Amino acid sequence: MAADASATTSLEKTPAATGDGPRGKNRPTTKVSTLKPQSTRPTAPAPVAAGESQKAPRGPLLGWRLVGIVTAVAVVFAIVAAIAAIKPGVSLSSNEAFVNSSVTSEVTSQANSRICTIFGVQYDKLDQWQQTAQSNVTGTAAQRFAEYDKAVRDALGQAGLTTGGVDCRVDSVGVRSIDGDSAVLVVNLILSQTQGQQASGSGTKRYQVSMQQVGGKWLVSNFADF
């Protein structure tokens, strides 16, 4: 019995496991924050894993690399040009089109004034047309014009046409190449035909025209339509 009383007394003095105080009294509750303060130190970069390479930054670095490549190519061309200038037998392209602006302008201007003397004809002035055209052609073009002149005269005789004609106008001239006294151009023509006093049709025609310098003049040496 004494042992039981001692045990009872011990239990009464031990506070409850729940931590409750005496009845009728409430202990103030203390709130504890679980958030950890953030560190103001910069975060170290994550280590690069084995087998992975860190990518080089893009932007200005890539731009400078491109500049370096272009500069290197320019240096190579400069060396080639220098060797060609001092070493016999080594030459770059001889095409003077647009490199020699004065020659290019001269060829273009004379092509504008000469090519239409071949295709522009008045049916009542065939002899004048023939003489004018022959003074503006040479070589293969002269032979081809002789054939063209005969074909036109035969066709007009069969049709009985003595008035009307073909009006020729140069729309554009593109210089492909100029090499010494030879040049190759692409010419767009606008051709309008009349029979009597009536317009009978019009259209555009593209020719590749070769020109040859003869006696200081650039004459039509050949022509072929596309």
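Colleague: Which residue has its charged end over the ring of F223?

Modeller: In this predicted model, the ring of F223 has a charged group 4.6 Å from its centre. F223 itself lies in strand β5, residues 217-225, and is buried. The charged end over that ring belongs to R144.

Colleague: Which aromatic residue pairs with F223 by its ring, and which strand holds that partner?

Modeller: The two ring centres are 6.4 Å apart and the planes stand at 80°; planes over 60 degrees apart count as edge-to-face, so this pair is edge-to-face. The partner is 16 residues from F223 in sequence, and both residues are buried. The partner is Y207, in strand β4, residues 198-214.

Colleague: How many aromatic pairs does the structure hold, and which residues do ring pairs link into a cluster?

Modeller: The count of aromatic pairs is 6. Ring pairs also join residues into a cluster, with Y207 and F223 among them. The full cluster is F119, W129, F145, Y148, Y207 and F223.

Colleague: Why is the pair of W129 and F145 called edge-to-face?

Modeller: The ring centres of W129 and F145 lie 5.1 Å apart, inside the 6.5 Å limit for a pair. What remains is the angle, and over 60 degrees counts as edge-to-face. The planes of W129 and F145 stand at 75°, so the pair is edge-to-face.

Colleague: Which helices does the pair of W129 and F145 link, and are the two residues buried or exposed?

Modeller: W129 and F145 are 16 residues apart, and their pair links distant parts of the chain. The cut-off for buried is under 20% relative accessible area. W129 has 5% and F145 has 1%, so W129 counts as buried and F145 does too. The helices are α5 (residues 126-134) for W129 and α6 (residues 140-159) for F145.

Colleague: How many disulfides are there, and which residues are joined?

Modeller: The sulfur atoms must lie within 2.5 Å of each other. One pair of cysteines has an S to S distance of 2.0 Å. The count is 1 disulfide, joining C116 to C168.

Colleague: Which parts of the chain does the link of C116 and C168 tie together, and what is its handedness?

Modeller: C116 lies in helix α4 (residues 116-119) and C168 in strand β2 (residues 164-179), so the disulfide ties together parts that are 52 residues apart in sequence. Both cysteines are buried. The angle about the S-S bond is -65°, and the link is left-handed.

Colleague: What is the order of the strands in the sheet, and which strands are at the edges?

Modeller: The chain has 6 helices and 5 strands, and along the sequence these follow the pattern α-α-α-α-β-α-α-β-β-β-β. The 5 strands form an open sheet with antiparallel pairing, in the order β1-β2-β3-β4-β5. Two strands pair on one side only, and these edge strands are β1 (121-122) and β5.

Colleague: How many bridges join β2 to β3, and which residue in the turn of their hairpin has a positive phi?

Modeller: Strand β3 covers residues 182-195 and runs antiparallel to β2, with 14 bridges joining the two. Among the facing residues, G164 stands opposite Q195 and S177 stands opposite V184. The hairpin has 2 residues between its strands, and the residue with a positive phi, about 65°, is G180.

Colleague: Which residue is the bridge partner of L189 in β4, and which turn residue between β3 and β4 has a positive phi?

Modeller: β3 and β4 run antiparallel and are joined by 14 bridges. The bridge partner of L189 in β4 is K205. These strands also form a hairpin with 2 residues between them, and the turn residue with a positive phi of about 70° is G196.

Colleague: Which residues beyond its sequence neighbours does D225 contact?

Modeller: D225 lies in strand β5 and, at 44% relative accessibility, counts as partly exposed. Its C-alpha atom is 5.8 Å from that of R206, 19 residues away along the chain. Leaving aside neighbours within four places in sequence, the contacts of D225 are K205, R206 and Y207.

Colleague: What share of the accessible surface of the chain belongs to carbon and sulfur atoms?

Modeller: Buried residues make up 21% of the 226 residues. The accessible surface of the chain comes to about 16800 Å². The share of that surface belonging to carbon and sulfur atoms is 55%.

Methods
Residues numbered from 1 in each chain as written. Predicted model: local features only at pLDDT ≥ 70, side-chain atom pairs only at ≥ 80, totals over all residues. Heavy atoms only, no water. Helix = DSSP H or I, 4+ residues; strand = E, 2+ residues; numbered from the N terminus. Buried < 20%, exposed > 50% of the residue type's maximum accessible area, 1.4 Å probe, protein only. Areas by Shrake-Rupley, 256 points an atom, 1.4 Å probe, with all protein chains shown as cover. Phe/Tyr/Trp six-rings, centres within 6.5 Å; stacked < 30°, edge-to-face > 60°. Lys NZ or Arg CZ within 6 Å of the ring centre and 35° of its normal. Pairing = 2+ DSSP bridges. Contact = heavy atoms within 4.5 Å.
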